Amino acid sequence: MSVELNSLRMRAERDNRHISGAERLVSLEDLGTVAVDMLQRALQHPCGQAERIYFYVEPIKCEQLLSGCLPDFFNNQVTHWQQGRELAKEMLLAAGVSATAIAAAIRNLADGAAPGGVSMRGAMLIDSKTGERLEPDQARGVRVSRMDLSAGVRAQLRSLLAAQKLDNPHVVEALTLAAKVLAAPGVVAELCWSDDPDYTAGYVATADKRYQRISLLKPAGEERGGRAFFVQCGKQRLAVLIDWLEHQPLMIERVGRIHPVRYWREES
Ligand code: AMP
């Protein structure tokens with residue numbers, strides 16, 4: 001049984017709060033370089049320098065690895081965050097998420113979805129019809145992990161994004177994560193905006209493999225953010241879904257289409 005790749009995960013804390021995390025699938029040869037990049041990122045985080053940084057390295061067996069594809073990328077430029085949230089609502093409704101579930105997700109992300117009104121370490125799982133929160137731990141949430149882009153896809157994606165001045169780690173990592181979420185059994189859609197106070201964009205990703213970047217989804221300086229995965233599955237399949245999101249290794253080996261930017265005027 002040959003071992004070809006390692007799952008490398010980093011999580012960083014400050015004041016006993018999660019501030020940063022990262023996950024990659026890397027060869028033994030690249031492990032050091034990628035780990036140093038992650039370390040630097042944790043030390044230069046906009047929420048302050050990390051105080052505790054944890055690294056986890058585990059081998060992935062090649063027969064466990066699945067192959068995936070990136071969703072198509074759409075870039076929506078809005079004029080203010082309230083308009084961005086209206087657009088996100090419309091997209092989620094069109095994807096079959098109920099108005100109740102959308103309102104629950106937005107309320108939780110805006111107020112801080114973890115106990116104490118802070119951001120979670122992972123994502124909420126929200127029933128796409130009832131709006132009920134289904135993740136077993138509302139502070140940790142569900143952390144999607146063990147996914148990466150192949151070297152070819154990473155290079156191709158970065159050059160396509162550069163044409164829209166969007167070749168940055170936020171977009172590349174969010175697309176990678178969304179690709180795994182959309183491939184998971186029972187996921188209808190995802191809504192995300194960052195907890196990084198300087199990064200005000202976010203996205204809606206839907207099961208028809210569309211990733212809709214929205215330029216503004218929160219006010220500048222806001223530290224609360226997070227992810228909501230809208231799901232349609234019974235309690236028994238929930239455990240299977242969580243295990244898949246957290247443990248199934250997935251290498252993304254195909255890029256999606258990159259669509260030109262779309263500008264939304266306030267009246268539209
Ligand atoms: P970021 O996009 O890194 O700014 O993260 C924004 C929020 O998304 C975090 O506060 C977490 O709640 C959530 N998040 C980040 N990484 C993951 C992950 N790998 N799996 C699930 N949720 C995540």
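**Close-up views of the domain interface and the ligand site**

**View 1. Across the interface of domain 1 and domain 2, the rule finds 5 salt bridges.** The model shown is predicted. In one salt bridge, the side chain of glutamate 58 meets that of arginine 146, with 2.5 Å from N to O. Glutamate 58 belongs to domain 1, which spans 5-64, and arginine 146 to domain 2, which spans 67-263. Counted as residue pairs in polar contact, both at pLDDT 80 or more, there are 6 between domain 1 and domain 2.

**View 2. Strand 1 (3-14), strand 2 (17-26) and strand 3 (52-61) are the elements that each give two or more residues to the side of domain 1 that touches domain 2.** Strand 2 provides the largest share of that side, with 7 residues. By class, the side of domain 1 that touches domain 2 is made up of 6 nonpolar, 4 polar and 6 charged residues.

**View 3. Domain 1 and domain 2 have C-alpha centres that lie 20 Å apart.** To the contact, domain 1 contributes 16 residues and domain 2 contributes 18 residues. The two domains bury about 1500 Å² between them, and 50% of this area is on carbon and sulfur atoms. Of the area that domain 1 buries against domain 2, 36% is supplied by His18, Glu23 and Leu25, more than by any other three residues.

**View 4. The side chain of glutamate 58 also meets that of arginine 9 in a salt bridge, at 3.2 Å from N to O.** Glutamate 58 is in strand 3 and arginine 9 is in strand 1, so this pair ties together parts that are 49 residues apart in sequence. The salt bridge of glutamate 58 with arginine 146 has an N to O distance of 2.5 Å. In the whole structure, a search finds 16 salt bridges.

**View 5. The ligand is surrounded by 13 residues, of which Met120, Gly122, Val144, Ser194 and Asp195 are the closest.** At valine 144, a backbone N or O atom lies 2.8 Å from a nitrogen atom of the ligand. Serine 194 places a polar side-chain atom 2.6 Å from an oxygen atom of the ligand. For aspartate 195, an N or O atom in the side chain is 2.7 Å from an oxygen atom of the ligand. Valine 144, serine 194 and aspartate 195 lie within the bounds of domain 2 (67-263).

Conventions. Residues numbered from 1 in each chain as written. Predicted model: local features only at pLDDT ≥ 70, side-chain atom pairs only at ≥ 80, totals over all residues. Heavy atoms only, no water. Domains from an automatic or database assignment. Contact = heavy atoms within 4.5 Å. Buried area = accessible area lost by both parts, 1.4 Å probe. Salt bridge = Lys/Arg side-chain N within 4 Å of Asp/Glu carboxyl O. Polar contact = N/O pair within 3.5 Å; in protein donor to acceptor, adjacent residues only side chain to side chain. Helix = DSSP H or I, 4+ residues; strand = E, 2+ residues; numbered from the N terminus. Nonpolar A, V, L, I, M, F, W, Y, C, P; charged D, E, K, R; others polar. Near = heavy atom within 4 Å.
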